[in-house]
Amino acid sequence: MQLNQAQPFPYNFELKSTALVIIDMQRDFIEPGGFGETLGNDVSLLQAIVPACQAVLEAWRGVGGLVVHTREAHRADLADCPPAKRNRGNPSLRIGDMGAMGRILIAGEPGNQFIAALAPLPGEIVIDKPGKGAFYATPLHELLQQEGITHLLFMGVTTEVCVQTSMREANDRGYDSLLLEDCTESYFPAFKAAALEMMRAQGAIVGWTAASGQLLPLLQDC
Ligand code: TIU
């Protein structure tokens, strides 16, 4: 399959060696009262991409593609949360503190659940990650290797933090990655625009970008 209009040039992939990776579409970032809001952000911006993500996820499931869901999550005892991460900035609540949706960014808490619209189905890969990148301190690379995956289609939040970090990690591990432009968002629109540009600059130095409207017809024709 080829996404002819991908930037900076066409992106070729095969279904059997491509995974859809959905980064951190969890209540902590998308709904009020979670980690995103405690950092001072307006979470409504991120809610806007949910329908586009849903359409891609449903189409991808329809063709039997491999799906990976990631979640930024820490252990209840915070053993996997470096003090440097917990103490950073001046949030209203820190990681591990009790918030409106349970303990902030802690595995198993209400805020740490995937939003209902994008909840995983049985058999889909779920990765809890303690860092911003999906590969750091997780089994993701080994799981993708076992499945023969060489290409990754990314969606999720936030563009310049966990999505960009994960795409850079993927790049260094040899994957060809493409970010679906309307299926990712930042609390800072200028940062989203800059992140998309820097990833596809210099001949796709990190990867490609394309609108989901280019992908969906390809999947319908499968
Ligand atoms: N703060 C911010 O933009 N993002 C994060 O902290 N994590 C993710 O991007 N998932």
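**Close-up views of a predicted model**

**View 1. Threonine 70 in strand 4 and its two partners.** Threonine 70 faces isoleucine 127 of strand 7. Isoleucine 23 also stands opposite threonine 70 of strand 4. The model shown in this and the following views is predicted. Strands 4 and 7 pair in the parallel sense, over five bridges. Strand 3, residues 18–23, pairs with strand 4, residues 66–72, in the parallel sense and over five bridges.

**View 2. The open sheet has six strands.** Their order is 7-4-3-8-9-10, with parallel pairing. Strand 7 (125–129) and strand 10 (208–210) are the edge strands, and each pairs on one side only. Neighbouring strands are turned against each other by 25 degrees on average, direction ignored. Helix 8, residues 189–204, packs on the sheet. This helix touches strand 9 (176–185) and strand 10. The direction of helix 8 makes about 160 degrees with that of strand 9.

**View 3. Side chains alternate along edge strand 7****.** Ile125, Ile127 and Lys129 point to one face and are buried. Val126 and Asp128 point to the other face and are not buried.

**View 4. Histidine 69 is a buried residue of strand 4****.** Its relative accessible area is 1%. The histidine 69 side chain makes a polar contact with the side chain of glutamate 124, at 2.6 Å. Leaving aside neighbours within four places in sequence, histidine 69 is in contact with residues including Ile22, Leu57, Arg61, Phe114 and Leu118. Ala119, Pro120 and Glu124 are also among its contacts. So are Ile125, Val126 and Ile127, which belong to the alternating run of strand 7.

**View 5. Glutamate 58 is an exposed residue of helix 4****.** Helix 4 spans residues 50–62. The relative accessible area of glutamate 58 is 53%. Leucine 216 is 158 residues from glutamate 58 along the chain. The C-alpha atoms of these two residues are separated by 9.9 Å.

**View 6. Eleven named positions surround the ligand: Asp24, Phe29, Phe35, Leu39, Glu72, Lys132, Val157, Thr158, Val161, Cys162 and Tyr187****.** Lysine 132 places a polar side-chain atom 2.9 Å from a ligand oxygen atom. The other two contacts shown here involve backbone atoms. A backbone N or O atom of valine 157 lies 3.2 Å from a nitrogen atom of the ligand. A polar backbone atom of cysteine 162 is 3.1 Å from a ligand oxygen atom. Cysteine 162 is buried, with a relative accessible area of 3%.

**View 7. Cysteine 222 is exposed and forms no disulfide****.** Its relative accessibility is 54%. The closest cysteine sulfur belongs to cysteine 183. That sulfur is 17 Å from the sulfur of cysteine 222, so the two are too far apart for a bond. A disulfide needs the sulfur atoms within 2.5 Å. By this rule the model has zero disulfides.

How values were computed:
Residues numbered from 1 in each chain as written. Predicted model: local features only at pLDDT ≥ 70, side-chain atom pairs only at ≥ 80, totals over all residues. Heavy atoms only, no water. Pairing = 2+ DSSP bridges. Helix = DSSP H or I, 4+ residues; strand = E, 2+ residues; numbered from the N terminus. Axes fitted to C-alpha atoms, helices over the stretch in contact; angles between N-to-C directions. Contact = heavy atoms within 4.5 Å. Buried < 20%, exposed > 50% of the residue type's maximum accessible area, 1.4 Å probe, protein only. Near = heavy atom within 4 Å. Polar contact = N/O pair within 3.5 Å; in protein donor to acceptor, adjacent residues only side chain to side chain.
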